[in-house]
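Colleague: I am new to this structure and would like a close look at a single part of it, taken slowly. Could you walk me through the part you would start with, and how the rest is arranged around that part?

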Amino acid sequence: MSLNIDMIEVRADLEEDNDRYALLVRELLRREGVCLINLMASPGAGKTSVLCRVIDALREQFSVGVMEADMDADVDAQTVAARGAVTVQLHTGVSCHMDAKMTLRGLDAFPKPLPDVVFLENVGNLVCPAEFDVGADWKLMILSVPEGDDKPLKYPLMFTVADCMLVNKIDTAPVFDFDLDRCENAVRALNPNVEIFPVSAKTGEGMDAFVRRLTARIDAALREKRGEKSQC
Ligand SMILES: Nc1nc2c(ncn2[C@@H]2O[C@H](COP(=O)(O)OP(=O)(O)O)[C@@H](O)[C@H]2O)c(=O)[nH]1
Ligand SMILES: [Mg+2]
Ligand SMILES: [Zn+2]
């Protein structure tokens, strides 16, 4: 005979709580006319290196902010701040992902007026950052060549939720057995609409095409938010 034990569905509560904060993030972004991009990848995939290229490429057109989320330290924040981005460092402590509540706190920490575009460099992790809607306009993920072309099969959720995927470190392709077609096919089977750009943050290869797409996405997000604002 089994005993009657109370069950509490905390997961549903947590999701509900996150959704509520994600809504508050979206309200803030609309109110302030800001585009938020959630950048996710494994540790070492090249998030900070890509951000440095992007900060350089966007600075003429947009003011750029970066929210660095790490369990500890501020090395990446130092790097992007030196590059000219308005920077906020978040320490997530034991948490290996960002949620919407932490994102809201991070946005609140920026000096006003907020930058046109804020990049959230999420905690290096291919698993749980994918589970949390932080209220971003665009989910950008990076897979780097040395990680292997089988990662979409092992971490399907991340590749499913991404709007755009960079295959970074293509300069190292001769050293690794990375099959770009096999990788793309695996990702498209999960996420037919994902946009994919092979790049190298080291050599700059492929970055122009990606920056053009990124600029168009930021433009569209800002027009939508600022257009709505001027109507009221
Ligand atoms: N060869 C090569 N190395 C890269 C590239 N992008 C980043 N790296 C190197 O990969 C390491 C991790 O990069 P980083 O940007 O710190 O990754 P993050 O942990 O995802 O932010 C550093 O040593 C970078 O110099 C690339 O496109 N090609
Ligand atoms: Mg980094
Ligand atoms: Zn986590």
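Modeller: I will start from the loop between helix H4 (100-108) and S4, where Pro113 is found; please keep in mind that this is a predicted model. Within that loop, Lys112 and Pro113 are joined by a cis peptide bond, with omega at about -5°. The loop leads to strand S4 (residues 117-121), which pairs with strand S1 (residues 35-41) in the parallel sense over five bridges, and in this pairing Cys35 stands opposite Val117 of S4.

S4 and S1 belong to an open sheet of seven strands, paired in parallel and ordered S3-S2-S4-S1-S5-S6-S7. Its edges are strand S3 (86-91) and strand S7 (195-198), each of which pairs on one side only, and from one strand to the next the twist averages 20°.

S4 also takes part in the packing. Val118 and Leu120 are, together with Ile37 and Met141, the residues with the most contacts inside the largest nonpolar core, which has 64 residues; S1 gives the most to this core, with six residues. If neighbours within four places in sequence are left aside, the residues in contact with Leu120 include Leu36, Ile37, Asn38 and Leu39, and also Met67, Ala69, Met98 and Val134.

Helix H2 (residues 47-58) lies across S4 as well as S1, strand S2 (64-70), strand S5 (138-144) and strand S6 (164-168), and runs at about 170° to S4. From its first C-alpha to its last, H2 reaches 16 Å with its twelve residues, close to the 16 Å expected at 1.5 Å a residue. Among the buried residues of H2 are Val50, Leu51, Val54 and Ile55.

Two loops that follow strands of this sheet also deserve a look. In the loop between S2 and helix H3 (75-82) lies Ala73, which has a positive phi of about 70° although it is not a glycine. In the loop between S6 and helix H7 (180-190) lies Lys169, another residue other than glycine with a positive phi, here near 65°. Their surroundings can be told apart by counting other C-beta atoms within 10 Å: Ala73 has 11 and is therefore exposed, whereas Lys169 has 26 and is therefore buried.

Key:
Residues numbered from 1 in each chain as written. Chains lettered and ligands numbered in written order. Predicted model: local features only at pLDDT ≥ 70, side-chain atom pairs only at ≥ 80, totals over all residues. Pairing = 2+ DSSP bridges. Helix = DSSP H or I, 4+ residues; strand = E, 2+ residues; numbered from the N terminus. Axes fitted to C-alpha atoms, helices over the stretch in contact; angles between N-to-C directions. Contact = placed C-beta atoms within 7 Å. Core = buried A, V, L, I, M, F, W, Y, C linked by C-beta atoms within 7 Å. Buried ≥ 20, exposed ≤ 12 C-beta atoms within 10 Å, placed from the backbone. Expected span 1.5 Å × (residues − 1).
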